[in-house]
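Please look through the structure shown here, beginning with its sheet and then moving to a single residue in one of its loops.

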Amino acid sequence: MGETIKAVLVGCGGISDAWLGPISKRDDIEMVGLVDLNPEAAKVKGEKYSFNAQTGNDLAAMLEKTKPDVVFDCTIPEAHVDVVLTALKYGAHVLGEKPMADTMENARKMTAAAEAAGKIYAVIQNRRYLPQIIAVRDFIKSGKLGKLTTVQSNFFIGAHFGGFRAEMDHVLLLDMAIHTFDAARFLSGTDAEKVYCHEFNPSNSWYRTGASAVAIFEMTNDVVYTYQGSWCAEGCNTTWECDWRFICEKGSLLWDGRDSIRAEVVDDSNEFIKAEISVEVDFKELPEELAGHSGLIADFVEAVKTGTPPQTVCTDNIKSLAMVHAAIGSVEAGRKIDVE
Ligand SMILES: NC(=O)c1ccc[n+]([C@@H]2O[C@H](COP(=O)([O-])OP(=O)(O)OC[C@H]3O[C@@H](n4cnc5c(N)ncnc54)[C@H](O)[C@@H]3O)[C@@H](O)[C@H]2O)c1
């Protein structure tokens, strides 16, 4: 692999700016092609970032013409399977938007195709690349609060998107909760084993279905993780990163999803309520090029150059996706079910 990686990006909609901005600042990625079902959208992005890239609406033809090393997939969830399989079949490494796939069957096909092709397929989980989440993960892992027993996250945002989300089935679980479920695995260092989920569409919902959900996960290491979320909650919004509580055997940690991280341990007295002692949890800002989408793109480029898989490689990310699809399976079955 040379120093400059040739890339094609497919899906030139809203999120593609979070990719094309950082890519335009790197001198080791050459954008050779931009693809969208609407070729005008591809042209507009090419001009916006002054890429000397070809534009079109046919991915397979673009791959043959431009011979990229990597494909960036920013299409809608239902299109990810076709885009990723086409790119892997051609012989490119792929970094794609979340969620990995619309079904577990498709996710398994994609993982198997990446393994068979000997190529990296990794998924964007940009919330892992925040300084605060890394600090919380490291602090919980340090054991200063004792063993982790319970995790709770709240996600309440009134997001008026329109577009594909307004009509999508299980919109909150499939299009948003993947971020939170992946963060729960990342923060707790555990994986999900069982789930019970109740999904509903509040009376004011502007989504066709499934804008709110409550899920209880039984995780490995006896951790219980509770998720509450809504994409049609007006007022008092949480952050997109959620509001979190971690309960450990000797103390707790609260993170508001922004800069407030508060931890307390208790003393070893025999009082009815033990004294709570604050513990400082520091975090250092990440340089712009290592945060969010930029950080993931940087790790992916490094992985392509060195062959070392990035942390969001498909064989790991499928475990976060399995939480989404098991939650949906529980909604459909109306009972607690196993997470694959
Ligand atoms: N990581 C994040 O924080 C984050 C934030 C928003 C969206 N997303 C994800 O990004 C993806 C795209 O979301 P968006 O908000 O940009 O949607 P969007 O509707 O704004 O854009 C999607 C684009 O993909 C194109 N497209 C669809 N199917 C295609 C296909 N088969 N071939 C070529 N082009 C195709 C559409 O024409 C459209 O231009 C989704 O998977 C979404 O979940 C991630």
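How many strands form the open sheet, and in what order do they lie? In this predicted model, 9 strands make up the open sheet, following the order 14-13-12-11-7-10-9-8-15, and their pairing is mixed. The edges are strand 14 (276-279) and strand 15 (337-338), each of which pairs on one side only.

Within that order, strand 7, which covers residues 148-156, is joined to strand 11 by 6 bridges, and the two run antiparallel. One pair of bridge partners consists of Gln152 and, in strand 11, Arg245.

Helices also pack against these strands. Helix 6 (residues 131-142) lies across strand 7, strand 11, strand 12 (251-255), strand 13 (261-266) and strand 14, and it runs at about 175° to strand 12. Helix 8 (residues 171-188) packs on the sheet as well, where it touches strand 7, strand 8 (192-200), strand 9 (212-219), strand 10 and strand 11, with a direction that makes about 150° with that of strand 10.

The loop between strand 10 (224-230) and strand 11 (243-248) is where Thr238 is found. Is Thr238 buried or exposed? Its relative accessible area is 16%, and because buried means under 20%, Thr238 counts as buried. The side chain of Thr238 reaches the backbone nitrogen of Phe156 at 2.9 Å, and, leaving aside residues up to four places away in sequence, Thr238 touches Asn154, Phe155, Phe156, Ile157 and Asp243.

Conventions. Residues are numbered from 1 along each chain as its sequence is written. This is a predicted model: local features need pLDDT of at least 70, side-chain atom pairs count only at pLDDT 80 or more; totals for chains, interfaces and linings use all residues. Side-chain values use heavy atoms; hydrogens and water are left out. Helices (H or I, at least four residues) and strands (E, at least two) are DSSP runs, numbered from the N terminus. Buried means under 20% relative accessible area, exposed over 50%, partly exposed in between (1.4 Å probe, protein chains only). A polar contact is a pair of N or O atoms within 3.5 Å; within protein, one must be able to donate a hydrogen and the other to accept it, and residues adjacent in sequence count only if both atoms are side-chain atoms. Contact means heavy atoms within 4.5 Å. Two strands pair if DSSP finds at least two bridges between them. Axes are lines fitted to C-alpha atoms, for helices over the stretch in contact, and angles run from 0 to 180 degrees between N-to-C directions.
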